[in-house]
Protein chains: 2
Amino acid sequence: MKFSASKENHLKAIFHLQLEQGIVTTNALAAALQTRPASVTDMLKKLKDQKLLLYERYKGFRLNNEGKKAAIQVIRKHRLWEYFLVKKLQFGWDEVHEIAEELEHISSKKLVDRLDAFLGFPDTDPHGDPIPDSQGRFLQRRQISLSELPLNKPAQVSAISSQTTEMLELLQHKHIQLGTRLEIRKKFPFDNSLEVKIRNRPPVTLSAQVAKNVLVKDDE
Amino acid sequence: MKFSASKENHLKAIFHLQLEQGIVTTNALAAALQTRPASVTDMLKKLKDQKLLLYERYKGFRLNNEGKKAAIQVIRKHRLWEYFLVKKLQFGWDEVHEIAEELEHISSKKLVDRLDAFLGFPDTDPHGDPIPDSQGRFLQRRQISLSELPLNKPAQVSAISSQTTEMLELLQHKHIQLGTRLEIRKKFPFDNSLEVKIRNRPPVTLSAQVAKNVLVKDDE
DNA sequence: ATTTAAATTTAGACAAATCTAAAATTAAAA
DNA sequence: TTTTAATTTTAGATTTGTCTAAATTTAAAT
Ligand SMILES: [Mn+2]
Ligand SMILES: [Mn+2]
Ligand SMILES: [Mn+2]
Ligand SMILES: [Mn+2]
């Protein structure tokens, strides 16, 4: 089982998208990979031929078990290398992603397992994401509503449960989107509104109704 | 200047060949890269267009200054990764070449320099070959082939020029590795084979082909 | 100096991965 | 329910790197 770098990138991106959506669309994947929908369709055919995903034209797609296993191995490599770069080579957590995006395609399984041991079998990468073990097992952190998040606990937006245009417009205006890292600075019991801090931005206030529909996961 | 993996492989192989030959031939490069002469010609045109080598058709070729600089950077990466694999990940010196052949194409210059620092700026890789520094300087050590070593002159193995698995396996079986101290006890003109003595071991016989690829330096 | 052989290059093809433009399908709006 | 818009797929082209087979050039042998 050895896949090209491009196939590995596709598998990984599909894996992430289907965690949120269940089913993945051509446009979503093209956006995630910064490529064109037509290119995605081309690749989908190849991945389907290799029996890595379930796909019917015009109907969306998702990884099957084989595809998930392959994707998880790529994610494992990516996160172990990021951990290595930060912990051993003194890189900042914000400058390792691009390099790991290349290193994740080195194929030696033995290398990855030795690296894992060398690093002391870490279970979380520098961004707080879990690192799959050698067998591909990993603890998917459960996501909670922003309204349940404790004060001052760093978290990352992992889903928006109410996806009305109005809601998304409001969040966009407050600079909150999927992946945004934030923490709660203050809670107002009067109306259960929250004051939320995002790095490099002034604090913003969210109503209880909004907070309820923003799902977050631990950000280390 | 960022080059594709294939171009980097070509540059590196040309560099090594021209150390021996001065000028490099199409067939020699094809053999070194396990590819076809026609493919080499194709690549030569591209490298010439990018002004990395001097080339006239049917007349051989060699790297210019730019090409040498690029090749040395690839060699630096290759050898630093090999050192990392052996010293930090506990790989055997005979199993790292293939992996380094992939790792050498990771492009981040910062990564290489950080790795270098992390490893303590080593100047010799696990096969005894010198590691170029950040500016591309490196000490080509004065070493001779074992087949040129005079009788009964103590020497120390400093490099293995043919690093195939088969070669390394053979040497391992005869208890010869980097740093091994030895001397030639007898030379057989019939087939140019050698009888070599290693301290605390019975003498071993080496073929001319093997001896040619074992490089030694004066034993202090 | 011819002839023969070896080395090298060209011509034409192919696979992988990508793209643009146009067609087909599905979803949304009127 | 038409009509319109958005999404997705196809058709055909492009780039990079590789190959085989044939042609060209250089080197070796007679
Ligand atoms: Mn990352
Ligand atoms: Mn990648
Ligand atoms: Mn090597
Ligand atoms: Mn390589």
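Of the atoms of DNA strand C that lie within 4 Å of the protein, 74% are part of sugar or phosphate, and bases supply the rest. Keep in mind as you explore that this is a predicted model.

## Around DNA strand C

Let's stay with this strand for a moment. DNA strand C is surrounded by 22 residues. The closest are Ser4(A), Ser6(A), Thr35(A), Ser39(A) and Tyr55(B), so you will want both protein chains in view. Sorted by class, the surface near DNA strand C holds 7 nonpolar, 9 polar and 6 charged residues.

Which helix gives the largest share of the surface near DNA strand C? It is α3(A), with 5 residues. Helices that each supply at least two residues here are α1 (5-21) and α3 of chain A, together with α2 (26-33) and α3 of chain B.

## Around DNA strand D

Now turn to the other strand. DNA strand D is also surrounded by 22 residues, and the closest are Asn27(A), Tyr55(A), Ser4(B), Thr35(B) and Ser39(B). For DNA strand D, sugar and phosphate make up 75% of the atoms that come within 4 Å of the protein. The surface near DNA strand D divides into 7 nonpolar, 9 polar and 6 charged residues.

Here α3(B) gives the most, with 5 residues. On this surface, at least two residues each come from α2 (26-33) and α3 (37-49) of chain A, and from α1 (5-21) and α3 (37-49) of chain B.

## Side chains that meet the DNA

Some polar side-chain atoms can be paired with particular DNA atoms. The table lists several such pairs, so you can look each one up in the structure.

| Residue | DNA atom | Distance |
|---|---|---|
| Ser6(A) | phosphate oxygen, DNA strand C | 2.7 Å |
| Ser39(A) | phosphate oxygen, DNA strand C | 2.5 Å |
| Asp42(A) | base nitrogen, DNA strand C | 3.1 Å |
| Thr26(A) | phosphate oxygen, DNA strand D | 2.9 Å |
| Ser6(B) | phosphate oxygen, DNA strand D | 2.9 Å |
| Tyr58(B) | base oxygen, DNA strand D | 3.0 Å |

Notice the partners: Ser39(A) has a phosphate oxygen of DNA strand C as its partner, whereas Asp42(A) is paired with a base nitrogen of that strand. On DNA strand D, Thr26(A) is paired with a phosphate oxygen, while Tyr58(B) is paired with a base oxygen.

## The manganese ions

Next, look for the metal ions. The manganese ion (ligand 2) is coordinated at 2.0 to 2.4 Å by Asn9(A) (OD1), Glu101(A) (O), Glu101(A) (OE), Glu104(A) (OE) and His105(A) (NE2). Glu101(A) therefore appears with two kinds of donor atom, O and OE. Along the chain, the donors of this ion have the spacing N-x91-E-x2-E-H.

Are Glu101(A) and Glu104(A) buried, partly exposed or exposed? Glu101(A) is partly exposed, because its relative accessible area is 22%. Glu104(A) has 0% relative accessibility, so this residue counts as buried.

The manganese ion (ligand 4) has its protein donors in chain B: Asn9(B) (OD1), Glu101(B) (O), Glu101(B) (OE), Glu104(B) (OE) and His105(B) (NE2), lying 2.0 to 2.4 Å away. The donors of ligand 4 follow the spacing N-x91-E-x2-E-H. One of these donor residues, His105(B), counts as buried because its relative accessibility is 17%, which is under the 20% limit.

## The domains of chain A

Finally, step back to see chain A as a whole. Its domain assignment gives domain 1 (5-63) and domain 2 (144-218). The centres of these two domains, taken over C-alpha atoms, are separated by 29 Å.

Conventions. Residues numbered from 1 in each chain as written. Chains lettered and ligands numbered in written order. Predicted model: local features only at pLDDT ≥ 70, side-chain atom pairs only at ≥ 80, totals over all residues. Heavy atoms only, no water. Domains from an automatic or database assignment. Donors = N, O, S within 2.8 Å, 3.2 Å for Na, K, Ca; no water. Buried < 20%, exposed > 50% of the residue type's maximum accessible area, 1.4 Å probe, protein only. Polar contact = N/O pair within 3.5 Å; in protein donor to acceptor, adjacent residues only side chain to side chain. Helix = DSSP H or I, 4+ residues; strand = E, 2+ residues; numbered from the N terminus. Nonpolar A, V, L, I, M, F, W, Y, C, P; charged D, E, K, R; others polar.
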